[in-house]
Amino acid sequence: MRSIWNGAISFGLVSIPIKLVNATESHSVSFRQIHTEDGGRIRYRKVCELEDREVTQAEIGKAYEDADGSMIPITDEDLSQLPIPTARTIEIVAFVPEDRIDPLQMGSAYYLAANGAPAAKPYTLLREALKRSNRVAIAKFALRGRERLGMLRVVGDAIAMHGLLWPDEVRAPEGVAPEGGVTVRDQELDLADALMDTLGEIDLDDLHDEYREAVEEVVAAKAAGERPPEAREEAAPGKVLDLMAALESSVRAARESRDGEEAEAARAAEVRSLPQRKTSSRRAPKETGGKKSTSTAAKKTAAKKAEPRKSTAKSTSTAAGKTAAKGTAKKTAARSTAKSAAGSGDKGAAKSTAKKTATRRRSA
């Protein structure tokens, strides 16, 4: 960026050589004046009134017009030798909180660039001091033939300076506010708050100059011999008859607009399935195999634990079967013995045999 002024920052006894560059630029479309009948350029020529001839830029100087109309010539040398310390210096006079500065005073913005390697250290010192103190520097400087007021603040890793109007150059807002007492109801304030909440915030980087874009479209169309785009018809604003109804309609329209924008953003951000990478397909069997081996091992362990119970149950049922078989055999033998004894007519023998069998059953 080309510098427009060279000088130094006076920070107490510290002097910081700097270069002043513009921090902003204009993107507006500029036009030329032409003769409407034939399209010829209209130019302003600098003519000397006394000699009635056109003069070059080298012949032009500056002068102060006195009350009687006489001209008092002022040269660049006269201005360079002004008895003020701010002729080539940005003199810092105070450090104040940023909220002390009225935005109405802010004017053009500049970047202050360190001029040379020796300026790097004091430049960085001033920048870090401003950062740590959370304050801005108020300075005085001379530019374009007049002394100005400036505010120095940190922007990123650079120091920026905003030209400020002098306090007496800011007009008081007299006669601007509505005259007479106007009362606002709480319901109206609630609707106004709801409207502000619905509109929400916005990223300033998303804003752009639609007027400039429309002008560029018109110029491009006419340059190509085409018909310029027609303006969109907008509904004429109606008269505000009921403030409450107008606020309610505004809140409803803002919500519908926001819902539409959110739905459009959701459609634009629709998630689409992507093809799987080879690495993920290789890893999947490993993970599945690990889980399978673990479950198989768990099944084997459970089977091993269940086997002893199964064998125990089998042995118990076998032993019970053998015991029952023995008891049945004993009963059958006892019955056959009793029958044989009865058949032989020896009742006493049968009774004794029955007693012995009963005694064996009790002992068993």
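**Close-up views of a predicted model**

**View 1. Lys131 pairs with Glu128 within helix H2.**
Lys131 is partly exposed, with a relative accessibility of 37%. Buried means under 20% relative accessible area, exposed over 50%, and partly exposed in between, using a 1.4 Å probe and protein chains only. This is a predicted model: local features need pLDDT of at least 70, side-chain atom pairs count only at pLDDT 80 or more, and totals for chains, interfaces and linings use all residues. Residues are numbered from 1 along each chain as its sequence is written, and side-chain values use heavy atoms, leaving out hydrogens and water.
The partner of Lys131 is Glu128, and the two form a salt bridge (a side-chain nitrogen of Lys or Arg within 4 Å of a carboxyl oxygen of Asp or Glu). Their closest N and O atoms are 3.8 Å apart. Glu128 is also partly exposed, at 36% relative accessible area. Both residues sit in helix H2, which covers residues 120-133. Helices (H or I, at least four residues) and strands (E, at least two) are DSSP runs, numbered from the N terminus. Three residues separate Lys131 and Glu128 along the chain, about one turn of the helix.

**View 2. Glu169 reaches Arg146 in strand S10.**
How far apart are the closest N and O atoms of Glu169 and Arg146? They are 3.2 Å apart, and the pair forms a salt bridge. Glu169 lies in the loop between S11 and H3, while Arg146 is in strand S10, so this pair ties together parts that are 23 residues apart in sequence. Glu169 is partly exposed, with a relative accessible area of 35%. Arg146 is partly exposed as well, at 36% relative accessibility.

**View 3. Arg185 and Glu188 form a salt bridge.**
Their closest N and O atoms are 3.3 Å apart. Are the two residues buried or partly exposed? Arg185 is partly exposed, with 48% relative accessible area. Glu188 is buried, at 12%. Elsewhere, Glu51, Arg53 and Glu59 are joined into one network by salt bridges that share partners. The structure holds 10 salt bridges. Side chains of opposite charge can pair when their charged atoms come close.

**View 4. Seven strands close into a barrel.**
The order around the barrel is S1-S2-S8-S11-S10-S9-S7. The pairing is mixed; two strands pair if DSSP finds at least two bridges between them. Start with S2 and strand S8, which covers residues 106-114. Five bridges join these strands, and they run antiparallel. Look for Ile18: its bridge partner in S8 is Ala114. Now follow S8 to S11. These strands are also antiparallel, with five bridges between them. Here Met106 has Leu164 in S11 as its bridge partner.

**View 5. Strand S10 runs antiparallel to strand S11.**
S10 spans residues 146-155, and S11 spans residues 158-164. Which residue in S11 stands opposite Gly150? It is Gly163. Seven bridges link the two strands. His162 is also found in S11. His162 is buried, with a relative accessible area of 12%. In a regular strand the side chains alternate between the two faces of the sheet.

**View 6. Strand S9 is mostly covered.**
S9 consists of residues 136-143. How many of its eight residues are buried? Seven are. On one pairing, S9 meets strand S7 (residues 89-96), antiparallel, over five bridges. Val96 has Val136 in S9 as its bridge partner. S9 also pairs with S10, again in the antiparallel sense, over seven bridges. In that pairing, Ala139 stands opposite Gly150 in S10. Find the turn next. S9 and S10 make a hairpin with two residues between them. Arg144 sits in this turn, and its phi is positive, at about 55 degrees.

**View 7. Tyr44 sits in a loop.**
This loop lies between strand S2 (14-22) and strand S3 (47-48). Is Tyr44 buried or exposed? Tyr44 counts as exposed, at 69% relative accessibility. Compare His162 in View 5, which is buried at 12%. Val184 also belongs to a loop, the one between S11 and helix H3 (186-199).
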